[in-house]
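Walk me through this structure. Begin with a single strand, then move out to the chain, its cysteines, its salt bridges and the interface.

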Amino acid sequence: MIQLVHALKPIRKRMRAQRALSWIMIGLLAGAIIVLLLRGASFMWEFPNVTTWYFVAIISAPLLFGGIAWLLPISDMSVARLADSCGLHARAQTALMLKSSDTPMADLQRQDTLECLNGFNPKAMLPFQVPRFSVIGVLVCALCFSASFLIANPQMQIMHAKTEFQTEMKKQADLVEEGATKLDDAQAQTQDLRKLLGDLAHELRQSTEPKTALSALDDAEREMDQIKKNTSKDTLKALKDAGLSELAQALEAGDSEKAKQLLNQGTEQANSAQSSQSTSSQLSKAAQSASDPSASQQLSDAAQALSSGNLQNALESLQNAALGQSNALAQASALSAMARSAAAQAGAKQAATLNLNGLSISGLASMSAAGNSAGSGSGSGSSSGMESGGGAGLGSTNKDGGYTASTNGTAPLGSNAPKMKVSEYESIYDPTRLGTEGEITNERGQIGEGEISEATIGSGLGSIDESVPYNEVLPEYYESAVEAVQNANLPGYAQNWVDRYFSSLTE
Amino acid sequence: MIPQEQIQSFTSQIDHIRNEIKKEIIGQERVVEQLLTALVAGGNVLLEGVPGLGKTRLVHSLSKVFDLPFSRIQFTPDLMPADITGTNIIVKTDQGNEFRFKEGPLFASIVLADEINRATPKTQSALLEAMQEHAITVAGETHQLGDPYFVLATQNPMEQEGTYPLPEAQLDRFMLKILVDFPSLSELSEIVGLTTTTQTVHAQKVADASTLMTLRGVAMDVPIADAVKNYALNVVLHTHPELEISSDRVKRSVRYGASPRAAQALICTSRVRALMQGRYNVAFEDIQAVAPACLRHRIALSFEGMAQGDTVESIIDDILSTIPRG
């Protein structure tokens with residue numbers, strides 16, 4: 001029996017190898033099918049690192065199948081059966097059956113079998129065969145996989161857009177952190193602002209979609225607003241407590257003239273050695289009583305400026321303190337605004353990419369909705385910029401330039417006869433056409449159909465060869481910009497950003 | 001236990017016998033081999049072929065080689081059972097007249113029953129009793145027939161008029177049905193050359209009854225693997241149209257299938273064949289080689305099968321090729 005088993009060993013080895021090969025091919029087919037399914041799934045859902053999974057599937061499946069095939073035991077009878085199928089004429093099976101028999105016939109049969117097995121060449125008699133169906137299956141899968149690359153994968157575009165967004169946010173986070181290090185260390189708010197900006201940078205790095213980034217920015221701006229409000233509130237309280245209620249009221253009302261007047265009064269009285277010491281000292285007292293470090297610092301600066309006779313600086317310090325403003329806070333706000341702008345742009349780009357591809361799969365829809373809704377996220381703040389920047393003014397309209405609305409196509413007469421212009425207008429901002437008349441007209445319906453309004457346009461302010469002073473056009477631009485963003489139904493954060501931008505220009 | 005030497009000498013002995021028969025019989029190697037197979041396996045044979053193919057000569061040569069008593073019975077419609085079994089005849093003795101049993105031609109070791117289908121069923125059954133029981137009963141007295149006992153019946157496939165075809169139950173008692181084909185040109189030339197001159201070469205005795213029994217003992221000791229045995233049994237089962245496992249063709253074309261005797265015949269004859277091939281075990285190929293001869297007289301075609309021109313041979317081939325091995 002031992003001799004027989006030993007004689008069957010080469011066949012068993014060959015059988016094991018053949019089985020492993022067949023199973024490896026089946027595993028390869030299974031892996032190819034899994035890869036194809038993954039590829040299909042990658043069209044439906046987000047699948048980061050899908051290429052890695054392809055490799056995992058195509059390598060691990062054959063290895064697993066091959067390993068199992070190699071390790072599974074093979075019975076002596078199976079080996080005998082295989083050997084007999086190669087021309088041994090049931091010798092091996094019969095010999096195994098007679099393993100415990102010792103009759104002369106059984107001995108002769110065993111001898112005959114061993115002779116035949118010794119002359120058996122497994123390599124020649126059992127050439128390796130690859131299961132045809134698995135080869136064809138793998139080829140078909142490979143073909144389908146290759147063909148799938150001819151179709152644009154919407155999920156890849158989504159992930160690409162997401163990656164781009166994340167990269168942009170990381171860049172913004174770096175800029176915010178860098179900006180935070182450059183804040184003026186001398187300012188009291190700097191420490192808090194650095195922490196705030198640090199947290200903001202961390203949140204930006206973590207954000208994977210515009211919604212999260214903008215939410216983090218909203219939180220940061222809320223905190224900054226709170227800091228500003230605290231400083232302002234504390235300043236006014238400190239001033240009132242120090243007996244400078246009038247000054248506090250003037251500052252609160254934004255009446256810089258009155259505030260200047262009050263300080264001037266104080267200076268004159270100081271010159272006459274009657275009350276300036278008291279204004280300056282009152283300011284110092286207020287600085288000491290102020291709990292907010294920024295308010296305290298600015299009140300102290302104002303006191304010092306006043307005592308050294310620098311009225312303008314004193315007034316500026318007091319105005320900043322009353323508004324809760326500081327250089328550090330302004331820098332922090334600018335950083336936040338910059339990051340918000342970048343987030344909004346990146347989000348808009350992402351949404352545009354999705355919309356462009358006409359993606360309507362639910363996951364994609366929610367993604368694009370998230371992109372869109374991020375655009376309409378809440379924004380803190382109010383029109384405080386407008387209020388504080390009182391220099392917005394009324395602006396001018398093209399009426400001043402002789403504009404008259406006309407619907408009958410005839411040009412009005414006048415010293416500044418407007419040029420006749422009949423056209424189809426887009427809704428664009430045109431500072432020469434502000435006011436209730438001569439508003440921007442919109443066409444209705446398709447181009448070439450529906451109503452078309454005609455309007456004549458005045459020459460407007462200035463001329464092509466001249467330049468208009470910055471101060472003169474800024475209020476007008478400010479008002480128009482705020483009006484435009486409100487009319488355009490932009491989200492709160494965008495409106496605030498525009499507001500802050502122009503308000504910072506007025507400072 | 002049969003000694004190894006006897007086992008190992010089987011093939012050489014069979015070859016010796018075969019070569020001896022070849023001296024008188026030209027060609028018909030397959031027939032000779034099958035005949036020897038049946039003889040060693042202890043079964044009876046039904047030979048079917050046109051007249052003049054040497055069937056009688058073959059059996060005669062066989063009896064010479066084994067030196068066994070041989071008798072030939074020409075069956076005719078008027079043949080009576082007593083004509084072949086023997087009968088009691090009145091014999092005058094010193095004591096007076098008495099009945100003495102006079103043995104008939106069945107009392108031989110090798111019996112050639114020529115054109116068995118021409119005899120009446122009664123006479124046929126008398127022969128078949130001898131085949132089956134190895135004994136003959138006459139007037140209530142049973143006379144044993146010796147071992148070995150080999151009956152070779154012949155049938156003419158033509159001239160079926162006025163014949164009594166053997167019933168299925170009796171056909172089943174023949175181990176093999178061998179078809180004798182017409183010789184080829186070269187064989188015919190040799191036959192003519194041999195038989196139209198003064199024959200100088202005759203088959204000689206090379207074995208005897210005990211040799212034959214020894215050969216039989218060796219053959220019956222040949223092992224058969226379970227897978228091979230199951231294959232043989234499945235072949236028999238697949239001939240039955242009433243069974244689920246049989247093919248649509250069998251269900252359609254076969255009226256009834258082979259009996260368990262067919263399975264016995266398959267196993268016994270395949271053992272002999274394995275030894276003849278120089279192997280000490282039965283192989284699938286042995287079953288496939290002996291199956292047609294074992295089964296062709298045991299399967300009856302249905303009317304539908306006959307109408308469609310189906311043949312038993314093709315059905316057997318179909319069964320052999322469709323059953324999986326092991």
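Strands here are DSSP runs of E with at least two residues, and they are numbered from the N terminus. The model itself is predicted. With that in hand, take B:Glu48. This residue sits in strand β1 of chain B, which covers residues 45–48.

Is B:Glu48 buried or exposed? B:Glu48 is buried, because its relative accessible area is 18% and the cut-off for buried is under 20%. Its side chain has a polar partner: the side chain of B:Lys177, at 3.2 Å. B:Lys177 also appears among the contacts of B:Glu48 once neighbours within four places in sequence are set aside. The others in that set are B:Gln155, B:Pro157, B:Ile178, B:Leu179 and B:Val180.

Now step back to the whole of chain B. The chain has 15 helices and 11 strands. It runs to 326 residues, and 53% of them are buried. Contacts in chain B can also be sorted by sequence separation. Of those with a separation of 6 or more, 76% join residues 24 or more positions apart.

The cysteines come next. How many disulfides does the rule find over all chains? The count is 0. B:Cys268 shows how this comes out in one place. For B:Cys268, the nearest cysteine sulfur is that of B:Cys294, 9.0 Å away. Seen from the other side, the closest cysteine sulfur to B:Cys294 is in B:Cys268, and at 9.0 Å it is too far for a bond. The cut-off for a disulfide is 2.5 Å between the sulfur atoms, so this pair does not qualify. Both residues are out of the solvent by the accessibility rule. B:Cys268 is buried at 18% relative accessible area. B:Cys294 is buried too, at 0%.

Salt bridges are another matter. The structure holds 31 of them over all chains. Start in chain A, with A:Glu177 and A:Arg205. Their closest N and O atoms are 2.9 Å apart. A:Glu177 belongs to helix α8 (residues 154–181) of chain A and A:Arg205 to helix α9 (residues 190–206) of chain A, so this salt bridge ties together parts 28 residues apart in sequence. Neither end is buried: A:Glu177 is partly exposed at 32% relative accessibility, and A:Arg205 is partly exposed at 28%. The pair does not stand alone. A:Asp174 joins A:Glu177 and A:Arg205 in a network of salt bridges.

A further bridge in chain A links A:Arg194 and A:Asp185, with closest N and O atoms 2.7 Å apart. Here the two ends fall in separate accessibility classes. A:Arg194 is partly exposed, at 24% relative accessible area. A:Asp185 counts as exposed, at 58%.

Chain B offers its own example. The side chains of B:Glu24 and B:Lys64 meet in a salt bridge, 2.6 Å from N to O. Where do the two residues lie? B:Glu24 is in the loop between α2 (10–22) and α3 (29–41) of chain B, while B:Lys64 is in helix α4 (residues 55–66) of chain B. The pair thus links distant parts of the chain, 40 residues apart. B:Glu24 counts as buried, at 4% relative accessibility. Its partner B:Lys64 is partly exposed, at 27%.

Last, the interface. On one side are 23 residues of chain B, in contact with 16 residues of chain A. The area buried between the two chains is about 1600 Å², and carbon and sulfur atoms give 70% of it. Within chain B, the residues that lose the most area to chain A are B:Gln4, B:Tyr280 and B:Asn281, together 31% of what that side buries. Three elements of chain B give two or more residues to this side: α1 (4–8), α10 (226–237) and α13 (284–295). By class, the side of chain B that touches chain A has 15 nonpolar, 4 polar and 4 charged residues.

Which polar links cross between the chains? The rule finds 0 salt bridges across this interface. It does find 4 residue pairs in polar contact, both residues at pLDDT 80 or more.

Key:
Residues numbered from 1 in each chain as written. Chains lettered and ligands numbered in written order. Heavy atoms only, no water. Contact = heavy atoms within 4.5 Å. Buried area = accessible area lost by both parts, 1.4 Å probe. Salt bridge = Lys/Arg side-chain N within 4 Å of Asp/Glu carboxyl O. Polar contact = N/O pair within 3.5 Å; in protein donor to acceptor, adjacent residues only side chain to side chain. Helix = DSSP H or I, 4+ residues; strand = E, 2+ residues; numbered from the N terminus. Nonpolar A, V, L, I, M, F, W, Y, C, P; charged D, E, K, R; others polar. Buried < 20%, exposed > 50% of the residue type's maximum accessible area, 1.4 Å probe, protein only.
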